[in-house]
Amino acid sequence: MLHLNPCNPQVLRDLGDVLHLHQTVRSLCPNAAGHVSPDTGRALYRLDGDRGDAILRVQTSGTVFLRALTADYAHAVAIERVSWSETGFEGQQVRFLLDANATKATVRTGQRGKRVGLQTAEVIAWWERQASRAGLATVEVRSRSLGPVIARRQARSPTLLQATRLEGLALITDPITLQRAVLSGIGRGRAYGLGLLCLRAADTDVSLVRHSGPVRAS
């Protein structure tokens, strides 16, 4: 977890364009970027707060290279190490939090068209399908729109992804499948700060980041 310095030029650049933020995360976790497997996973992240009080939460099963950052990029850095023996067991109730790009593909003349964002009722159904595939059974869930995630690129029109926060309670039905889901992320937009599934025991605060295994700082 990095508490970002709003006066740092690199932070201002990253907060203004999620593609730059993605590049910063890749520099922190070069051994995880772009590679997904049940064993190593990928680097996932979530940005909370606003420009004056932004917190970057990064999850990786590899080494975090903090030296890739400028000296004053963050006011404070906290690293949590969690082994899979602590992630939960079948039948355990957990709190979850997920910022997701919940979409569906439109159909046009018998072919799949572009993907569109889902409305509230559809988002809940989308999550329940994703949760089932991830080894979770939903007990209760709430959702709220976070607005668009903007990737400006160099093209004339920026890429806009609809972001929704889902949180609630679930039962672990398959710990191994859940492990894989946490490592690889859920849904689209994972390069844009979406898809990081955070889990906590039901009696703790899910807003804290949960890493997908031992994390080493360098």
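Buried residues account for 43% of the 218 residues in the protein chain. Keep in mind that this is a predicted model. On the outside, the chain exposes about 11000 Å², and carbon and sulfur atoms supply 51% of that area. As for secondary structure, you'll find four helices and 12 strands. The contact pattern is worth a look too: take the contacts between residues at least 6 apart in sequence, and 71% of them join residues at least 24 apart.

Let's start with the helices. Helix 1 covers residues 9-16 and helix 2 covers residues 18-28. Their axes sit 5 Å apart, and the two pack at an angle of about 125°. That angle is over 115 but not over 145 degrees, the range that counts as oblique, and helix 1 and helix 2 are therefore oblique to each other. Which residues do the meeting? From helix 1 come Gln 10, Arg 13, Asp 14 and Gly 16, and they meet Val 18, His 20, Leu 21 and Thr 24 of helix 2. Sort the residues of this contact by character and you get two nonpolar, four polar and two charged.

Now for a sheet. Four strands make up an open sheet, in the order 2-3-1-5, with antiparallel pairing. Strand 2 and strand 5 (74-77) are the edge strands, each pairing on one side only. From one strand to the next, the twist averages 20°. Helix 2 comes back into the picture here, since this helix packs on the sheet and touches strand 2 and strand 3. The direction of helix 2 makes about 130° with that of strand 2.

Zoom in on strand 2, which spans residues 44-48. Is this strand largely enclosed or left open? Four of its five residues are buried, so strand 2 is largely enclosed by the rest of the structure. Its partner is strand 3 (residues 55-59): the two run antiparallel and are joined by five bridges. You can trace the register with two of the pairs. Tyr 45 has Val 58 in strand 3 as its bridge partner, while Leu 47 has Leu 56 in strand 3. Between the two strands of this hairpin there are six residues, and Gly 49 in the hairpin takes a positive phi near 85°.

Further along the chain, two alanines make a handy pair of stops. Ala 151 is found in strand 9, which runs over residues 136-151. With a relative accessible area of 1%, against a cut-off of under 20% for buried, Ala 151 is buried. How far apart are Ala 151 and Tyr 192 in sequence and in space? They are 41 residues apart in sequence and 7.7 Å apart in space, C-alpha to C-alpha.

Ala 201 belongs to strand 11 (residues 197-201). Its relative accessibility is 26%, so Ala 201 counts as partly exposed. Set aside its neighbours within four places in sequence, and Ala 201 is in contact with Gln 92, Gln 93, Val 94 and Arg 95. Ala 201 and Phe 96 are 105 residues apart in sequence, yet the C-alpha to C-alpha distance between them is 8.9 Å.

Methods:
Residues numbered from 1 in each chain as written. Predicted model: local features only at pLDDT ≥ 70, side-chain atom pairs only at ≥ 80, totals over all residues. Heavy atoms only, no water. Axes fitted to C-alpha atoms, helices over the stretch in contact; angles between N-to-C directions. Parallel < 35°, antiparallel > 145°, perpendicular 65-115°, else oblique. Contact = heavy atoms within 4.5 Å. Nonpolar A, V, L, I, M, F, W, Y, C, P; charged D, E, K, R; others polar. Buried < 20%, exposed > 50% of the residue type's maximum accessible area, 1.4 Å probe, protein only. Pairing = 2+ DSSP bridges. Areas by Shrake-Rupley, 256 points an atom, 1.4 Å probe, with all protein chains shown as cover.
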